[in-house]
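Okay, thanks everyone, I'll keep this short. Have a look at the screen while I talk.

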Amino acid sequence: MSKQWYFFKGEEQVGPVNWQELFQKASEGEVGPDDLVWVQDLPEWKPAKDIQGLIQSVPEGEPAPPPPPEPEFGPPPSAPAPPFAGEAPAGGMGQEQGFNVNPFFKKISDTAKATASTISAKSAEIAQSGKSRLEINQLATRIKEKKTEIGEYVYQAFSQGQKPDEETLNSLNYEIKGYVDKIAELESQIAAEAQQAGAFGSSVPCPNCGNNMPQGAAFCNNCGQKYEPALCGNCGQHLAPGAKFCAGCGAPTGQ
């Protein structure tokens with residue numbers, strides 16, 4: 001009877017599949033030489049190229065050979081289920097398929113993945129803010145390190161036939177949540193800075209001294225002259241000095 005095999009494709013753990021199915025996926029290129037593979041007899045995940053008979057070179061145009069005999073690796077380890085390999089091959093918590101996973105573990109995995117997606121998506125949308133963005137990157141690195149720590153801890157526990165301690169996992173997940181909350185706070189600060197930059201992004205000359213003032217300023221920061229900008233008679237938007245048409249509605253300004 002064929003054993004149950006698992007493999008990683010990108011960050012996704014797939015399985016179980018039997019030896020024939022695994023060989024077919026390797027023949028079709030779905031399982032590459034460097035993709036990680038695991039079966040119960042193996043003490044750890046191994047690259048597919050290290051599994052005897054799995055990766056074979058077939059000349060173009062020729063049919064794939066039949067599956068070779070399923071390899072044997074000696075007596076199985078104590079862990080009955082595949083260990084968590086995390087984000088193959090770097091580590092962390094990956095997506096689990098083909099076997100039941102404690103919902104608590106899956107919640108940690110989902111939280112970590114959602115955090116990574118949020119950092120990538122939102123950081124691209126908000127205005128640049130050097131110090132805050134640097135801190136966000138540092139927090140993202142810490143989150144990745146905690147994901148790796150969770151993955152290694154769960155893997156070691158399963159390898160030794162033990163159930164991972166939920167108190168330890170709760171503590172690690174709490175640290176991740178703290179980093180996520182801090183990132184959200186920094187993103188709010190960056191958004192506020194971006195909004196302010198939008199309001200005062202351009203400048204106008206002071207009618208008294210000619211100093212460039214931020215648009216929207218009430219007084220010149222050089223001479224103190226009160227500034228009362230011209231307004232569009234059609235839409236009420238501030239008019240740039242010398243503008244012939246309103247940038248908001250296109251109406252003639254009469255300047």
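So, which residue caps the N-terminal end of α1? Keep that in mind for a second, and bear in mind that this is a predicted model.

The answer is Asn 18. One of its side-chain oxygens sits 3.1 Å from the backbone nitrogen of Gln 20. At the other end, α1 is followed by Gly 29, and the phi of Gly 29 is positive, near 90°.

Now the helix itself. α1 covers residues 19–27, and in it Trp 19, Leu 22, Phe 23 and Ala 26 are buried. If you look down the axis of α1, those buried residues fall within an arc of 100°, so they line one face of the helix. The textbook bit behind that spacing: an α-helix has 3.6 residues a turn, so residues three or four places apart point the same way.

And what do the buried residues of α1 pack against? Three strands: β1, which is 5–9, β2, which is 12–17, and β3, which is 36–39.

Okay, zooming out to the whole chain. We've got four helices and six strands, and from the N terminus on they go β-β-α-β-β-α-α-α-β-β. The chain has 255 residues, with 33% of them buried. For those of you who like contact maps: take the contacts between residues at least 6 apart in sequence, and 48% of them join residues at least 24 apart. On the surface side, the chain exposes about 14,900 Å², with carbon and sulfur atoms supplying 50% of that.

That's it from me, happy to take questions.

Notes:
Residues are numbered from 1 along each chain as its sequence is written. This is a predicted model: local features need pLDDT of at least 70, side-chain atom pairs count only at pLDDT 80 or more; totals for chains, interfaces and linings use all residues. Side-chain values use heavy atoms; hydrogens and water are left out. Buried means under 20% relative accessible area, exposed over 50%, partly exposed in between (1.4 Å probe, protein chains only). Helices (H or I, at least four residues) and strands (E, at least two) are DSSP runs, numbered from the N terminus. The arc is that of the directions from the helix axis to the C-beta atoms. Contact means heavy atoms within 4.5 Å. A polar contact is a pair of N or O atoms within 3.5 Å; within protein, one must be able to donate a hydrogen and the other to accept it, and residues adjacent in sequence count only if both atoms are side-chain atoms. Accessible areas come from the Shrake-Rupley method with a 1.4 Å probe; for residues, only the protein chains shown count as cover.
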